[in-house]
Amino acid sequence: MADPIIRLSGIVKTYGEGPTAFQALKGIDLDIMPGDFIAVMGASGSGKSTTMNILGCLDVPTRGQYLFRGHRVEVLTRDQRALLRRKYFGFVFQGFNLLSRTSALENVELPLVYRGDPKAERHDAAMAALDKVGLKDWWDHTPAELSGGQQQRVAIARAIVTRPQVLLADEPTGNLDSERSVEIMQLLSDLNRNSGITVLMVTHEPDMAEFAHTLVHFKDGLVERIEANPKPLGLAGSDA
Amino acid sequence: MIGTTFFLALRSIRRHVLRSFLTVLGIVIGVAAVVTMVTLGNATTAAVQSQISALGTNILQIRPGQGFGRGGGGPRPPDFEMDDLEAIAQQIAGVTAVAPQAQTSGTAIYEGANWSTTVNGTTDAYFTVQPWPLAEGRTFTPAEEQAGKSVCIIGNTIRQNLYRGGGAVGTRFRIKGVSCDVIGVLSTRGQAGFGGDQDDIVIMPVKAVQRRFTGNQNVSVMLVGVDQNYANEQVQASITDLLRERRKITGGKDDDFNIFDTKQISETLTGTTTLLTRIVATVAAISLLVGGIGIMNIMLVSVTERTREIGIRLAIGAVAREVLLQFLVEAIVLSCLGGLAGLVIAQLAIAVLSPLMQVSWMFDAQINVIAFAISAIIGVVFGYFPARRAASLNPIDALRHE
C-alpha cells in the first residue's frame, strides 16, 4: 500500500494559557492517503476546523507531529509554510473569500501571480480552471455580480488553478441552498476522481458527506471513528 | 517579486478609486496649503523689503516738533532754514548729502484735466539721498536750482491723470496759478509700505516753492543721506548736538525736532513681516499635520478593512513580505501622487494669488521639498505599520477578521 500523503500523530492544539486555556485538539492521529475524498464531520467545537487549519498549514499545532509527503511541517517557518501552501494546497472556504471588485479571472489568477507565472500562461491556466467549474463565460464578472454558487465555483477554480495535491474545503456548501450544494459537491467529486486531487472537506451536513469516500467523525477534540463509504454519491452523475 | 508587487499595488489603487482619492486628498491639501502659505509669506516679506530698500535704508528724516505721540501744547516749533542744511552737510562726518523739503499742496491743471497733488520743493541732493531714477527727462541744473526756476519733475500718477499716460516732458501745466515746465518723469514706485501713493508728487526746485508758494525761506523736512561706513546712531547724535546748538536749546530742555531713522523702520518692518511669515508657516504646518492625521485615519481604516484581504492573500500562498511590500508600494504611490498634485495646486494658487496680493511670483524650492517629504513620510509610515500588524497575523485569524 502507498505511503500516506498526510500523517498526523498526537496533534494537540491549545488556545490561551493558564487556567483559562482551552484544548481544542487533544491528540489527533490521522493518516490520509493520496487521492482520497474525506469528509470531516462533528459537532461545533469538536475540533474539525482547527484540524483543517493545521492540515492546510494555516495554523501550527501546539504539540505533535505533522508529516506532509514524509516531511515535518510543524518545524517550518511562516514563510516556508506559505510557500508550501502555494505549491501543494488549494483552499475553499464557507464564505468564499474572493477579493471584491476583482473579476473572476483575476481572482483565479492571483495564486499564479504570487507564483510568478508569466501573464499569458496565467491567463490560459485561469481560463482553463474557470472552464472546469463551468464559468468560462463569466470570467469578467466581479463577485458582487455572481450568485453564491457561482462565487464558490470561482473559489474552487482559484483553489485548483495551481494544480494542488490537496484541496481543503471548510464547509464549502454552508452558505448555499441544497441544489447549489449538490452542484458544488459534484464538482469536488469530479476533481477528486479526474484530476487525482486529495480532497478534505469539513461539513456538518450528512447529505454532503455522502459524496466522500471516507468519513472521519470528530468528537471533543479527538477522532471518534473513521468509516468508509462503500457507495459514494456523485460517481454516476459525473458520467452523464 | 518586485514587478508582481507593483502590478498588484497599482491594480488595487485603480480598483478602489474612492479610498485612494480620500487618502490622497489629505496629502494634497496639506502640501498645497503649506507651500502656498509659506511662499506667499516669503514673497510678502521680499516685497516689503524691496519697498524699503527703494526708500533708501540710510536716510535720516529730520522734522520740527517732538515726533509722534508727543508735543501738543505750546507754540509750534520753527521750521528749519537753508543754513541748517549747509551746516549739517559741512560739519557732520558721514553725511553724503542733505536734501530740503518744502511742501505745499495744490491742484495741477493741464488742458482741462486737473489733479490735486503735493508739491515738494527740494534740490538735486534729493536724488542722491534716496535713489529714485527718472523714467525720462532730466533732473534740475544748478542754474535752475539757484534761480528757483519754475521747472518740475512729475510722478507717474500725475502723468496718468494729467496726461492720460502720454508724453509729458516739454509740456507746461499750471499749479496754484504758476506755470511749470515739465523736465522729467519719475519711475514708478507704487504704494508706500505704510500707505499713500508715492507717485502722486510734483518735485520743483526748493527756491521756486519757497518764493512762489510758501512765501518764506523755511524747510519743513530735511533728508540726510548717511555714508554706509558710518553708524546711523553716531551721525544722528552729532546732528542732534548741532541742531540743539543752532536752535539754542540748552540744559535739560527737550529737543524741538525729531530725527527719524529709516533703517530702524526697515528693521522693524522686516521683523514684523518675518514674524507674520512664521505665524503663517505655523498655521500651514498645522494644516499639514491635520492632513497627515487624515491620511493616518484613512490608512488605518482601510488596513482594518483589508485584514480579510490580507488573510486571503496569505492563505493562497502569498508570503507576508509580499503582502507588506504591496501595501508599502500602494502607500508610496499614493503619497507621491498626492504630494505632486499638492505641489502643482500650490503653484497655481501662488500664480493666482500673487498678483492679487501685489507681490511678485516666486518659487521656493526648499518648502516644496520639505512639504513633499513630510507628506510622503506620513503616508508611507501610516500605510506601512498597520499593514505590518495585519500581515503578522495568522492567516486564519486575518481571514476571520470582520
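**Exercise 1. Find what share of the 402 residues in chain B is buried, and describe how its contacts are spread along the sequence.**

Solution. Buried residues account for 41% of the 402 residues in chain B, where a residue is called buried if 20 or more other C-beta atoms, placed from the backbone, lie within 10 Å of its own, exposed if 12 or fewer do, and partly exposed in between. The model is predicted, and local features need pLDDT of at least 70, side-chain atom pairs count only at pLDDT 80 or more, and totals for chains, interfaces and linings use all residues. Residues are numbered from 1 along each chain as its sequence is written, while chains are lettered from A and ligands numbered from 1 in the order in which they are written.

For the second step, two residues are in contact if their C-beta atoms, placed from the backbone, lie within 7 Å. Among the contacts in chain B between residues at least 6 apart in sequence, 83% join residues at least 24 apart.

**Exercise 2. Check whether the span of helix α9 of chain B agrees or disagrees with its 44 residues.**

Solution. Chain B has 13 helices and twelve strands, where helices (H or I, at least four residues) and strands (E, at least two) are DSSP runs numbered from the N terminus. The expected span of a helix is 1.5 Å times one less than its number of residues. For α9(B), residues 262-305, this gives 64 Å, and the end C-alpha atoms are 64 Å apart, so the two values agree. Among the buried residues of this helix are T262(B), L288(B), G291(B), G292(B) and V303(B).

**Exercise 3. Work out the strand order of the open sheet of four strands in chain A, and place Y66(A) in its strand.**

Solution. The order is β2-β1-β4-β5, with antiparallel pairing, and two strands pair if DSSP finds at least two bridges between them. The edge strands, each of which pairs on one side only, are β2 (22-32) and β5 (71-72) of chain A. Strand β1(A), residues 6-15, is joined to β2(A) by eight bridges, and T14(A) has Q23(A) in β2(A) as its bridge partner.

Y66(A) belongs to strand β4(A), residues 63-68, and it is buried because 22 other C-beta atoms lie within 10 Å. Although Y66(A) and R7(A) are 59 residues apart along the chain, their C-alpha atoms are separated by 5.9 Å.

**Exercise 4. Compare N97(A) and R163(A): where in chain A does each lie, and is each buried or partly exposed?**

Solution. Most residues other than glycine have a negative phi. N97(A), however, has a positive phi near 50°, and R163(A), which is not a glycine either, has a positive phi of about 50°. N97(A) sits in the loop between β6 (89-92) and α3 of chain A, whereas R163(A) sits in the loop between α5 (148-160) and β7 (166-170) of chain A. N97(A) counts as buried because it has 21 C-beta neighbours inside 10 Å, while R163(A), with 13 other C-beta atoms within 10 Å, is partly exposed.

**Exercise 5. Describe the side of chain A that touches chain B: which helix supplies the largest share, and how do its residues divide?**

Solution. The contact takes 20 residues from chain A and 18 residues from chain B. On the side of chain A, α2 (78-88) and α3 (104-115) each supply at least two residues, and α2(A) gives the largest share, six residues. The residues on this side divide into nine nonpolar, four polar and seven charged, where Ala, Val, Leu, Ile, Met, Phe, Trp, Tyr, Cys and Pro count as nonpolar, Asp, Glu, Lys and Arg as charged, and the others, Gly among them, as polar.
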